[in-house]
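Colleague: I'd like a close look at one part of this model, the helix packing in chain A. Could you walk me through that, and then show me how the rest fits around the picture?

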Amino acid sequence: MKPTPLVDKLDNLLNPIVVKELRQAVKSRIVMSALMLFLVIQLSILLLNLSFGDRQTGNAINLHAGREIFQILQGILLGTCMLLIPTYAGVRLAAEHSDTNVDLLFISTLRPRGIIAGKLQASVVLILLIFSACAPFMTFTYLLRGIDIPTILLVLVLDFLVVLLSTQAAIFLGAVPANTGLKLLLGLTGLGLLVSFFGSTMGFSIEMLDLGLGSRLDSVEFWLIAGAAAIVILATIGLMFTWSVAIVSPPSANRALPVRLYLLGFWLVTGAVAAVLARYFHIPFPLYIWQSAIIALLCAQFLVAINERQQWGLRVRRTLPRSRWLRGPLFLLYSGSAGGILLLVLLAALTIALPSYALEYWSAAFLPAFGRFAAETNRRQTLALVLIALYTFDYCMLAVWLRNVLLYERIKAANTWVLALILWALGFSLPWPILFLFQNEELRMGQIDPLCQISNPFSTIFTCVMEPSANAQNFCDACLLILGGLGLLLLLGCLPWMVRQVNRFRPPEKDTPYPASGGSYAPGEIEPGA
Amino acid sequence: MHIHIDHLKKHYGRTRAVDDVSFSFSSGEIVGFVGPNGAGKSTTMRIIATLDEPTSGDVYLDGISVVEEPDKAHRLIGYVPDSLPSHRDISVHEYLDFFARAYGIGAAARKKVVESIEEFTNLLGIREKHLNALSKGMKNRVSVARALVHDPAVLIMDEPAAGLDPRARIELRELLRVLSGQGKAILISSHILTELAEICTAAVIIERGRILRAGSLSHILTADKPHRTILIRTLDEPELLHKDLLLQPNIEAARRIDHTVEVDLAGGEEACWELLAHLVRSGYRVVEFHQQRAGLEELFMNVTRGEVQ
């Protein structure tokens, strides 16, 4: 049959990656076997429950039969989706990214964003396929009593979002360029993440089913929390999508720009959601959770920023404005190590300072129900975050300084994170053998001066935050002074390195004219050794 | 289409993978890119194909910079990498259709384009076969077909003949000749120099990131030699011919080898023509008269030192 122009137009709108991925999925024995197995298991469980369920309990009518079967079916659905789709998407991308296949896509008209979007869209189609295969069985549970339609829909939406998040996480891990060993490690990390997502989602949804979601649908609180959770999940999917796009983009591209712009948006949106929740429920925890999550995210970004480029190719430099004032903010946003470090320090300072300040000075608005404990909790939260941020800064900047001053060019800039992790591991473990050798008695008696372990972030944070004594307070002040002072020294030590980058961050002096078509010399006219 | 590689440099720390490489070639030319492993061939080709960015320098395709306008350059370049396609669960036709979509070829034209490429590269018989079930030679054809799917004016081929059996090599050679005849500019790297010499119109020899020799094949093969060596065979007595040749101007030496006489001739093409004209005028029944060229292999061994960085 000859395709109509409308069909052709629709065909042209399809992302090529989606078409390819779905063609591959349809032919894949793994996908088809899993789908068939999934259907058989669901059907068997439903039939077994219908045949023997009531007899086993001895009840004539089981009013919870629908909910009980739904929970089992949901477990199978979630398990199948979370085991199959993220693994399929992640492993396939990792395999393609290891050879030239992804490279070849970059010399087509496809963009990195289109490649990752295609992978995600193809996964969404597969998720919907499995969900739709499950839908008749789940709808049938409604007829068995104990569950209502809105609850079924809400749980399915939650499952869908969690599977989508897991799939995007798997795509992100699959996109990371790594050797086989590291890929295996990433695969295991991904599997661990999937299992933890599965466990927590199942636990949460079972609790929601037992509490009865249907009766809470008319409360503002329910929708506020559900909305906030959906925003946070979607924003996190977006963040990982942006990271994945940056990873598969060619090194010459300005890869950090979309990531940093998205990070700013993520920071603002999730901060606003946390503030709204804290204000509405009069509790500080949404803000604390936001602060902690953002600081963890910024620390991870910091570990990435120290590996970034220190000079820019022509492709990027020619996009820079001539005006210094316009270039200033771009320096923070464009790919580049020093700019990334400065932006992250700025964001970390704001993340810690703004909520702490708000909770301290507008406690009447935020925390009337939280009372006088607010100040102490607020202080501890702020202290913990400041210490985490200072440790990350100090270890990362020490790595940058060492690479630049002592190990110049012996370690690639892209491997600075490894140096930072080695330094962190040394800082964590070295105090123990030293104390064992030189302060053995005190070590056995547990009377070690905590300052002897200042290089160990866990020990310091635990002592400062968990111990309320006056000694701990003094130790805390000393730690802040030492870590802050060291951070300042390292910043000064790395200042020439940063200034060099600022100086390089400018458009080319003059535009090189392109040679005209039919250039000036043929191969035969080139001098040997040119 | 004129391709101009302009003072290309690519440095990795202290390693100069490509060090000030410049050369040009045009439509219809097949340029052999020759060098030992690690010489900078693949890096140069990846830069031309926009997969890498140079430290400095640029490549211009009819004035379009691959650094500045990679999107425009993508449409002009077909790149055949040194590794073969390894997608699972996808047939040859679907693979080519996917790349046709990736190059933005509309649905109406796509079917026709893919079919004509399959026909051209002799893939029609295996179009429904899965990629991972293909032999190396077939995969190689698929790789070339993929690079041709958007009808590029420039073809960059990195070791396309590596690991191919003799039949596949001959097919590839024929394919390249046809493509060159269609007006495509082809840059091809290979370690099989005898085959390159047969199909290339020009060659660039590179080592340690620097060009050692570049030019048309006839030019670089004769440039280093002080004289031309010519083989002459006639139906007459070779001894007579030998003596006569020694009396001719521009003849530096003459040697009898069985029924053939080999002479070292000073001068250019004009001197060759004059010698042939003299032989014909003198009534010799000439059945063979050809210049013996130094092979690409010999030149390669003479100019390279096999050094890597």
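Modeller: Before the helices, one bit of vocabulary: an axis here is a line fitted to C-alpha atoms, for a helix over the stretch in contact, and angles run from 0 to 180 degrees between N-to-C directions. Keep in mind, too, that this is a predicted model, with an ipTM of 0.72 and a pTM of 0.79.

Now to your helices. In chain A, helix α2 (residues 16-27) packs against helix α6 (residues 112-143) at an angle of about 40°, and their axes are 8 Å apart. Angles under 35 degrees would count as roughly parallel, so α2(A) and α6(A) are oblique to each other. The crossing of α2(A) past α6(A) is right-handed. If you want to find the contact on screen, pick out Pro16(A), Ile17(A), Val18(A), Glu21(A), Leu22(A) and Ala25(A) on the α2(A) side. Their partners in α6(A) include Gly114(A), Ile115(A), Gly118(A), Ala122(A) and Val125(A).

Stay on α6(A), as it has another partner to look at: helix α7 (residues 149-175) of chain A packs with α6(A) at about 155°, with the axes 10 Å apart. That angle is over 145 degrees, so α6(A) is roughly antiparallel to α7(A). This crossing is right-handed as well. On the α6(A) side the contacts involve, among them, Ile116(A), Leu120(A), Val124(A), Phe131(A) and Tyr142(A). Across from these, α7(A) brings in residues including Ile149(A), Leu156(A), Phe160(A), Leu164(A) and Ile171(A). Lys119(A) is worth clicking on, since this residue is listed among the contacts with α2(A) and also among those with α7(A).

While you're in chain A, have a look at Cys452(A), in the loop between α19 (440-445) and α20 (457-466). Is Cys452(A) buried or exposed? Something in between: the cysteine has 16 other C-beta atoms within 10 Å, and a buried residue needs 20 or more while an exposed one has 12 or fewer, so Cys452(A) is partly exposed. Apart from neighbours within four places in sequence, Cys452(A) is in contact with Pro431(A) and Leu435(A). Pro5(A) is 447 residues away along the chain, and its C-alpha atom is separated from that of Cys452(A) by 76 Å.

Chain B makes up the rest of the tour. Its average pLDDT is 85, and 97% of its residues score at least 70. The chain has 11 helices and 14 strands, and its C-alpha trace spans about 70 × 50 × 30 Å along the principal axes. Of its 309 residues, 45% are buried.

Here the thing to look for is an open, mixed sheet of 6 strands, in the order β6-β7-β8-β3-β9-β10 (chain B). At its edges sit β6 (77-80) and β10 (210-216) of chain B, each pairing on one side only. Neighbouring strands are turned by 15° against each other on average, ignoring direction. Strand β9 (residues 202-207) of chain B runs antiparallel to β10(B), joined by 6 bridges, and Ile206(B) stands opposite Ile211(B) of β10(B). Helix α1 (residues 41-48) of chain B packs on this sheet, touching β3, β7, β8 and β9 of chain B, and its direction makes about 150° with that of β7(B). Helix α5 (residues 136-148) of chain B lies across β6 and β7 of chain B, at about 165° to β6(B).

Conventions
Residues numbered from 1 in each chain as written. Chains lettered and ligands numbered in written order. Predicted model: local features only at pLDDT ≥ 70, side-chain atom pairs only at ≥ 80, totals over all residues. pLDDT = per-residue confidence, 0-100. Pairing = 2+ DSSP bridges. Helix = DSSP H or I, 4+ residues; strand = E, 2+ residues; numbered from the N terminus. Contact = placed C-beta atoms within 7 Å. Parallel < 35°, antiparallel > 145°, perpendicular 65-115°, else oblique. Left-handed = near helix turned anticlockwise from the far one by under 90°.
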